[in-house]
Amino acid sequence: MRLYETGFLIAPNITEEEAEAIVQQMAEVVSQKSGKMIRVEKWGKRRTAYTMKKFNEAFYVFFHYEANPDVPAELARRFRQMDTVLRYLTLIKETQQNIRKKKKAGGRRAKDAAFEEPAEAAAPAASAVAGAKTSEEA
């Protein structure tokens, strides 16, 4: 089973109770197909970035769930059948930790240490140059 995130926008011309019913109906699809709902985010009615089907606002809803690949396909099928759903998108979430961040953090520590060493070695040389200028001035 994989982790998925599905976001969808519901038209603002319906009531909040009807929007809640749509959210519950879609959440039941996940549980009927033996998926596990992790989190449901309801952002409420917000302004969209551009006009969709003559609407400038929409109810934003995000599902985070763990399921087999047939669950997102079934959700997409049902979203296409509904006129009240303006847009939807399903993403597969990564289950493993980001190794690249760990390597960068380790590399930065090594680079910081490398930058500190020449700075300490350059400090005596800088004082010698400063001493040479003062002897030339005298």
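Below, a biologist asks a modeller about the grounds for the terms applied to this predicted model.

Biologist: What should I keep in mind about the values before we begin?

Modeller: This is a predicted model, in which local features need pLDDT of at least 70 and side-chain atom pairs count only at pLDDT 80 or more, whereas totals for chains, interfaces and linings use all residues. Residues are numbered from 1 along each chain as its sequence is written, and side-chain values use heavy atoms, with hydrogens and water left out.

Biologist: How many helices and strands are there in the chain, and what makes a stretch a helix or a strand?

Modeller: Both are DSSP runs numbered from the N terminus, a helix being H or I over at least four residues and a strand being E over at least two. By that rule the chain has three helices and four strands, and read along the sequence they follow the pattern β-α-β-β-α-β-α.

Biologist: What makes the four strands an open sheet, and in what order do they lie?

Modeller: Two strands pair if DSSP finds at least two bridges between them. Strand 2 (residues 36-52) and strand 3 are joined by eleven bridges, strand 1 and strand 3 by nine, and strand 1 and strand 4 by seven. The resulting open sheet has the order 2-3-1-4 with antiparallel pairing; strand 2 and strand 4 are called edge strands, since each pairs on one side only. Ignoring direction, neighbouring strands are turned by 20° against each other on average.

Biologist: Which residues stand opposite Gly7 in the two neighbouring strands?

Modeller: The bridge partner of Gly7 in strand 3 is Phe62, and in strand 4 Gly7 stands opposite Leu89. Elsewhere in strand 3, Tyr65 is the bridge partner of Met37, and Phe63 stands opposite Thr6.

Biologist: What joins strand 2 to strand 3, and which residue in the turn has a positive phi?

Modeller: The two strands form a hairpin with two residues between them, and Lys53 in the turn has a positive phi of about 50°. Ser34, in the loop between helix 1 and strand 2, likewise has a positive phi, about 60°, although it is not a glycine. These values stand out against the general rule, by which most residues other than glycine have a negative phi.

Biologist: Why does Lys54 count as exposed, why is Ala67 called buried, and why is Ser34 placed in between?

Modeller: The scale is relative accessible area, found with a 1.4 Å probe and protein chains only: under 20% is buried, over 50% is exposed, and anything in between is partly exposed. Lys54, in the loop between strand 2 and strand 3, has a value of 79% and therefore counts as exposed. Ala67 is at 0% and is therefore buried, while Ser34, at 48%, is therefore partly exposed. Over the chain of 138 residues, buried residues make up 27%.

Biologist: What is Ala67 in contact with, leaving aside its neighbours within four places in sequence?

Modeller: Contact means heavy atoms within 4.5 Å, and Ala67, which lies in strand 3, is in contact with Met1, Arg2, Tyr4 and Gly35.

Biologist: How do you know that the length of helix 2 agrees with its number of residues?

Modeller: The expected span is 1.5 Å times one less than the number of residues. Helix 2 (residues 70-81) has twelve residues and should therefore span 16 Å, and its end C-alpha atoms are 17 Å apart, which agrees.

Biologist: Which residues of helix 2 are buried, and what covers them?

Modeller: Val71, Pro72, Glu74, Leu75, Ala76 and Phe79 are buried, and their cover includes strand 1 (2-10), helix 1 (16-32), strand 3 (55-67) and strand 4 (85-92).

Biologist: Why is helix 1 called roughly antiparallel to helix 2?

Modeller: Axes are lines fitted to C-alpha atoms, for helices over the stretch in contact, and angles between N-to-C directions run from 0 to 180 degrees. The axes of helix 1 and helix 2 come within 9 Å and cross at roughly 150°. That makes the two helices roughly antiparallel, since the term applies over 145 degrees, with under 35 roughly parallel, 65 to 115 roughly perpendicular and the rest oblique. Across this crossing, Met26, Val29, Val30 and Gln32 in helix 1 meet Val71, Glu74, Leu75, Arg78 and Phe79 in helix 2.
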